[in-house]
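Hi everyone, thanks for coming. Please have a look at the model on the screen, and then I'll walk you through it.

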Amino acid sequence: MDSSSNCITSIISGQFWELKSEPEMYGEFLSVLESCSVKIINSEISCKFKIESPQVIIDESYLSIPESGLNIDFDEIGCCLLKSDSLDSSKICLVFTSKERDEQLEIEFDSGQSIPLKILSKHLLKTHDRLPEHSKVNDCRRSLCLCCKEKRAHTRSDISTHPLYHIISFACFVDQPIWLSFKREMVSCTKAFSPSKECHPKGIVSFEGQNSVLALDLGEVFHSIAHGSSFEGEDSTVVQCYNSHGRPIFTLIQQNTELYDVWGLITEKECEK
């Protein structure tokens, strides 16, 4: 670590730097990063993955990292914050929070990467001694009717009652990546995850692969539809998932037709209940 980056890191420690929200400056920042970890959080999804030497495309308010299937709309960003990692002093976190405070994207990188750190330090708006409210994700859940509340509580208490749990379990059993695709106001992403470990605490299915972690809250999934489709030139199964208001929240894709057969068997059993 050179002396200038060491100085910036020391100043940031214990503070929160609010930065400008301009895609061009973050494109410059990302283009000189050697590597970073990206974490995305919303009410149904949490995922984390690594990126090496990110390549950036900027189109008006959108910043894209094609190799990771990641897109950020800067018109929807409410706060950009730079802070030191509370658990690892050698890491710096750049955090984007949406205007509605229902999405967050975090880019974590080594504080020894002096050039990207200097680029960000030139775009300081203000400093905060405490985490500002507009940089925090709102924990409020979508309002539900009594029937949907009971259904969500049932999934929380016994995840095996949710049909999507069995579909995901089979997808994890198959030696193939699972593609996740979703689109929100601030962040959209289409990325493959190669699961090697599956767990399911309190209605959340999570699986961990090499350099990636994905967690899906099945308690927020109230309907799903599967169909066959061609994906990257392969016959694939596409499972579209919806919230209690019938709005799409994410799509799961696996490049085989066996998953579609399993989905058909599971939904047939559900209809017989």
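Let's start with strand E2, residues 35-41, and its partner strand E9, residues 104-110: the two are joined by five bridges and pair in the antiparallel sense. To see one place where they meet, find Val-38, which stands opposite Ile-107 in E9. Please keep in mind throughout that this is a predicted model.

E2 also pairs with E3, again in the antiparallel sense, and here there are seven bridges. If you follow the chain from E2 to E3, you pass three residues, and the two strands form a hairpin. Within this pairing, Cys-36 has Ile-51 of E3 as its bridge partner.

Now move on to the next neighbour. Strand E3, residues 45-52, runs antiparallel to strand E15, residues 212-217, with five bridges between them. Phe-49 is a good residue to click on here, as its bridge partner in E15 is Ser-212.

For those new to this, strands of a sheet pair through backbone hydrogen bonds, and they can do so parallel or antiparallel.

Let's zoom out. What is the order of the strands in this open sheet of 10? Reading across, we get E10-E1-E7-E8-E9-E2-E3-E15-E14-E13, and the pairing is antiparallel. At the edges we find strand E10 (124-128) and strand E13 (197-199), each pairing on one side only. From one strand to the next, the twist averages 20°.

There is also an open sheet of eight strands, with the order E4-E5-E6-E12-E11-E18-E17-E16 and antiparallel pairing. Strand E4 (57-59) and E16 each have a single partner strand, so one side of each has no neighbour in the sheet. The twist in this sheet averages 15° from one strand to the next. At the E4 end, three bridges connect E4 with strand E5, residues 62-65, and those two run antiparallel. Look there for Ile-58, which stands opposite Leu-63 in E5.

Next, the cysteines. How many disulfides does a search of the whole structure find? The count is zero. We have already met Cys-36 as the partner of Ile-51. Cys-36 is in no disulfide, and the nearest cysteine sulfur, in Cys-93, is 11 Å away. Is Cys-36 buried or exposed? Its relative accessibility is 6%, so Cys-36 counts as buried.

Why is there no bond between Cys-148 and Cys-145? The sulfur of Cys-145 is the closest cysteine sulfur to that of Cys-148, but the 3.6 Å between them is too far for a bond. The cut-off here is 2.5 Å between the sulfur atoms. Cys-148 counts as buried too, because its relative accessibility is 16%, and the limit for buried is under 20%.

Let's finish with the empty spaces, beginning with the closed kind. The structure holds one cavity of 30 Å³ or more, and the volume of the largest cavity is about 60 Å³. Its lining includes Ile-167, Ile-168, Phe-207 and Gln-254. Helix H5 (163-173) and strand E18 (248-254) each supply at least two of the lining residues. By type, the lining of this cavity has eight nonpolar residues, one polar and no charged.

Then there are the pockets. The largest pocket has a volume of about 810 Å³. It is lined by 32 residues, and the closest to its centre are Ser-43, Glu-44, Asp-102, Arg-142 and Arg-184. Which strand gives the most to this lining? That is E18, with four residues, while strand E11 (178-183) and strand E17 (234-242) each supply at least two. The lining of the largest pocket divides into nine nonpolar, eight polar and 15 charged residues.

The second largest pocket holds about 310 Å³ of space. Of its 15 lining residues, Lys-151, His-162, Pro-163, Phe-222 and Glu-270 lie nearest the centre. Two or more residues come from each of helix H4 (146-157), H5, strand E16 (223-231) and helix H6 (258-272). H4 gives the most, with four residues. This lining has five nonpolar, seven polar and three charged residues.

You may have noticed that some elements came up twice. E18 supplies residues to the cavity lining and to the lining of the largest pocket. H5 contributes to the cavity lining and to that of the second largest pocket.

That's my tour, thank you for listening!

How values were computed. Residues numbered from 1 in each chain as written. Predicted model: local features only at pLDDT ≥ 70, side-chain atom pairs only at ≥ 80, totals over all residues. Heavy atoms only, no water. 1 Å grid on protein atoms, 1.4 Å probe; cavity = no way out; pocket = protein on both sides within 12 Å on 5 of 7 lines; lining within 4 Å. Points joined across faces, edges and corners; volume = space filled by probe spheres on them. Nonpolar A, V, L, I, M, F, W, Y, C, P; charged D, E, K, R; others polar. Pairing = 2+ DSSP bridges. Axes fitted to C-alpha atoms, helices over the stretch in contact; angles between N-to-C directions. Buried < 20%, exposed > 50% of the residue type's maximum accessible area, 1.4 Å probe, protein only.
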